[in-house]
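Welcome! Here is a friendly briefing to read alongside the structure. Keep the 3D view open and find each residue as it comes up.

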Amino acid sequence: MSVTLTPPGPGLRLLVSLAAWTWPGAGPDGREIAHILITHTPALTDGGTAVTAEDRMRRLSACLGGLTGAREVIPELKPCLQLVGDRVLLHIPGTSRRLRLPTRRPWTELVTRTGEAILLLGLDSLSQSAGADRLDAYLDTALATDRLPFGRVQLPPSAPRADVCSTCGGSGTDPTSGRACPDCSLHCRLEP
């Protein structure tokens, strides 16, 4: 009897071979949402082939909770985005490391405001140095050939802050009546 053990998460080799891009754009409902594209770079080490790289990317999809094709309902994945200062990290279950995403301030602010992003996982390789035209062509081709699984990743739910009024959120205005918040402590009424 032989047993094949499969590691529960993607290996370090895959994590260091990933390329990532971020941009704001329209979501399925037309509202602005942050997008993340993750692909593997063309130069996988250890004699990796396109088939093994695709298998690794599919395992990554499974670790994230199972992404789906563009024509299906986009699944909501477990909260795996993390804000650390001005950096945004993607936590991949089964690994101890986080993938740092390339960001610009407006993209990070969009993620902070909405609490989520659309994750696109490219099954074909793309160099991190690819420009906008090459990236657009990659996305068009991957969509047309159903090689771009999607998912909705989220920030973890924020814990209520003890120093902010739970009724008005620190604005000093009752959201129901529009008047001064009756539950506010003094700190909500002070100007910043």
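**A hairpin to start with**

Two residues lie between the strands in the hairpin of β4 and β5, and there Gly-85 takes a positive phi near 65 degrees. Please keep in mind that this is a predicted model. From this hairpin we can move out to the sheet, then to a helix, a salt bridge and a pocket.

**The sheet around the hairpin**

- β4 and β5 run antiparallel, and 4 bridges join them; β5 covers residues 87–91.
- Val-84 has Arg-87 in β5 as its bridge partner.
- Leu-81 stands opposite Leu-90, which is also a residue of β5.
- The hairpin strands belong to an open sheet of 3 strands, in the order β4-β5-β6, with antiparallel pairing.
- Why is one side of β4 (81–84) and of β6 (98–101) left without a neighbour in the sheet? Both strands stand at the edges and each has a single partner strand, so one side of each stays free of a neighbour in the sheet.
- On average, neighbouring strands of this sheet are turned by 35 degrees against each other, with direction ignored.

**A helix across the strands**

- Helix α3 lies across β4, β5 and β6.
- The helix runs at about 120 degrees to β4.

**Salt bridges**

- How many salt bridges does the model have? The count comes to 6.
- One salt bridge is formed by the side chains of Glu-32 and Arg-113, at 3.8 Å from N to O.
- This pair links distant parts of the chain, since Glu-32 sits in strand β2 (residues 32–40) and Arg-113 in helix α3, 81 residues apart.

**The largest pocket**

- Rolling a probe the size of a water molecule over the atoms is a way to see where empty space is left.
- The largest pocket holds about 170 Å³ of space.
- Two elements each give two or more residues to the lining of this pocket: β1 (18–26) and α3 (105–114).
- Which element gives the most to the lining of the largest pocket? That is β1, with 4 residues.
- The lining is made up of Trp-21, Thr-22, Trp-23, Pro-24, Pro-102, Thr-103, Arg-104, Pro-106 and Trp-107.
- Sorted by type, the lining residues are 6 nonpolar, 2 polar and 1 charged.

**Tying it together**

- Look once more at α3: the helix lies across the three strands β4, β5 and β6, holds Arg-113 of the salt bridge pair, and gives residues to the lining of the largest pocket.

Terms used: Residues numbered from 1 in each chain as written. Predicted model: local features only at pLDDT ≥ 70, side-chain atom pairs only at ≥ 80, totals over all residues. Heavy atoms only, no water. 1 Å grid on protein atoms, 1.4 Å probe; cavity = no way out; pocket = protein on both sides within 12 Å on 5 of 7 lines; lining within 4 Å. Points joined across faces, edges and corners; volume = space filled by probe spheres on them. Nonpolar A, V, L, I, M, F, W, Y, C, P; charged D, E, K, R; others polar. Pairing = 2+ DSSP bridges. Axes fitted to C-alpha atoms, helices over the stretch in contact; angles between N-to-C directions. Contact = heavy atoms within 4.5 Å. Salt bridge = Lys/Arg side-chain N within 4 Å of Asp/Glu carboxyl O.
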